[in-house]
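Trainee: Could you take me closely through one helix and whatever it packs against? I'd like the details first, and then a bit of the wider setting.

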Amino acid sequence: MRLFGRKSEPVEPGALIADFWTWWHEARPRVDALVDAGDAGELAELVGPAVNALDESLIWEVAPGLAAKHALVVSAAGNPELRSFAHRWALAAPEADGRWEFHPSRQANPQAHDLTVDVGGHQFGMDRFVLGVRVPPGTPRVNVSAYHPIFQDIDDETRMETTLLALDWLLGEDEVARWIGDIVASEFEPIDAIAAIHLPGVVADVAQGFPGNRWARLEGQTGTGKPLTAIARYPLRPVDYPLYDQHIALTVTYRHRDPDGLPTPEAESTLTTFETHLTSALTDSAVLAAHLTTEGTRTYHIYADPTANLTPTLKPLTTSWPEGRPHLTTTPDPSWSSVAPFLT
């Protein structure tokens, strides 16, 4: 296997992941011994280089497991460029046993309210962590203003890092990405603050109002002033599709259009039929995120797991379009930048 350290030439992600799990199998007896001894320093010296060999921007920790005694967490820490990589790392992990399980993001801690950690020489206890909570009407977001008495004694960066860690303990890292909007780490307690332990209940109430398979219609103008319409999933969040980091843009033209360039009812009917066939062709490894219509064209934005290799499946579908030749492009896009205006 490759020695861990700085890589002199690009290595395929799959090879890096395979190397890590080979290392884990060899190093596990030593890892177990250090965890049992509570030797965090030597554990970091052992595991840290192995994780850095995957990517130096990944973060890791050993946490209490949900079913096993311990969990090894390797997280992208909100970096969309690494989210799918972390999830593929977890998918390649050995089967969980009574001692170890593996996660690509921090999991909610059932004992969150009892946790206390040292933050810059100050004791941060979750029992004194409170939140001001706001839910903008009609949005799948919870904005929070966080406060703890030690926040008056620590700097802004440490205050925010502590808040983000505490939110991960309460909800789990992915749930924070799904439902938490603006985050403020305040030096002063919000007037209407609630105990932070109630946040999961607030999020659960908001989530009930946004079941799956909802769509939003948006209208706007092109740079030349022509009208455009867009239909997008709502909520639309890359965290819901962590392996879908490949963008497929499928553009079709339509002849029957109104004076503004938008489809007539006849064209809309043809487009709807095509979309039905398109969504049926998508496997469990892809999702239609949105489509944009303007000036005689409609572009479908699809996100897929690149290992599914959907292009051969979609190309025959394009030949069935009766009004011109569709255009199909495929590009890596782990941050979903192509549909950035529609992201929740």
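Mentor: I'll start with helix H7, move out to its neighbours, and finish with the rest of the chain.

Two bits of bookkeeping before we look. This is a predicted model, so local features are taken at pLDDT of at least 70 and side-chain atom pairs at pLDDT 80 or more, while totals for chains, interfaces and linings use all residues. Residue numbers run from 1 along each chain as its sequence is written, and side-chain values rest on heavy atoms, leaving out hydrogens and water.

H7 covers residues 265-281; helices here are DSSP runs of H or I with at least four residues, strands are runs of E with at least two, and both are numbered from the N terminus. With 17 residues, H7 reaches 24 Å from its first C-alpha to its last, close to the 24 Å expected at 1.5 Å a residue (the expected span is 1.5 Å times one less than the number of residues).

Now find the side that faces inward. Ala267, Leu271, Phe274, Glu275 and Leu278 are the buried residues of H7; buried means under 20% relative accessible area, exposed means over 50%, and partly exposed is in between, with a 1.4 Å probe and protein chains only. These five cover an arc of only 110° around the axis, so they sit on the same side of H7. That arc is taken from the directions from the helix axis to the C-beta atoms. Turn to the other side of H7 and you find Pro265 and Ser280 exposed. Note that Glu275 is on the list of buried residues as well.

What does the buried side meet? Its residues pack against strand E12, strand E13 (286-294), strand E14 and helix H8, where a contact means heavy atoms within 4.5 Å.

H8 is worth turning to next. In H8, residues 311-318, the buried positions are Leu314, Leu317 and Thr318. They fall within an arc of 100° when you look down the axis of H8, so they line one face of that helix. That face packs against H7 in turn, along with E12 (246-253), E14 (297-304) and strand E15 (327-332). So E12 and E14 turn up in both lists: they pack against the buried residues of H7 and against those of H8.

The loops beside these two helices hold a couple of residues to click on. Histidine 256 sits in the loop between E12 and H7, and it counts as partly exposed because its relative accessible area is 34%. Leaving aside residues up to four places away in sequence, histidine 256 touches Leu262, Pro263, Thr264, Glu266, Ala267 and Glu323. Among those partners, Ala267 is one of the buried residues of H7. On the H8 side, asparagine 309 lies in the loop between E14 and H8. Asparagine 309 has a positive phi of about 50° although it is not a glycine, and at 48% relative accessible area it is partly exposed.

Zooming out, the chain has 8 helices and 15 strands, and 45% of its 344 residues are buried. The C-alpha trace spans about 70 × 55 × 35 Å along its principal axes. To get a feel for that, histidine 256 and isoleucine 183 are 73 residues apart in sequence and 47 Å apart in space, C-alpha to C-alpha. Of the contacts with a separation of 6 or more, 67% are between residues 24 or more positions apart.

Elsewhere, two loops deserve a look for their backbone. The peptide bond from tyrosine 234 to proline 235 is cis, with omega near 5°, and proline 235 lies in the loop between strand E11 (227-233) and E12. Alanine 77 also has a positive phi, near 55°, and its place is in the loop between strand E2 (70-75) and helix H3. With a relative accessible area of 45%, alanine 77 is partly exposed.
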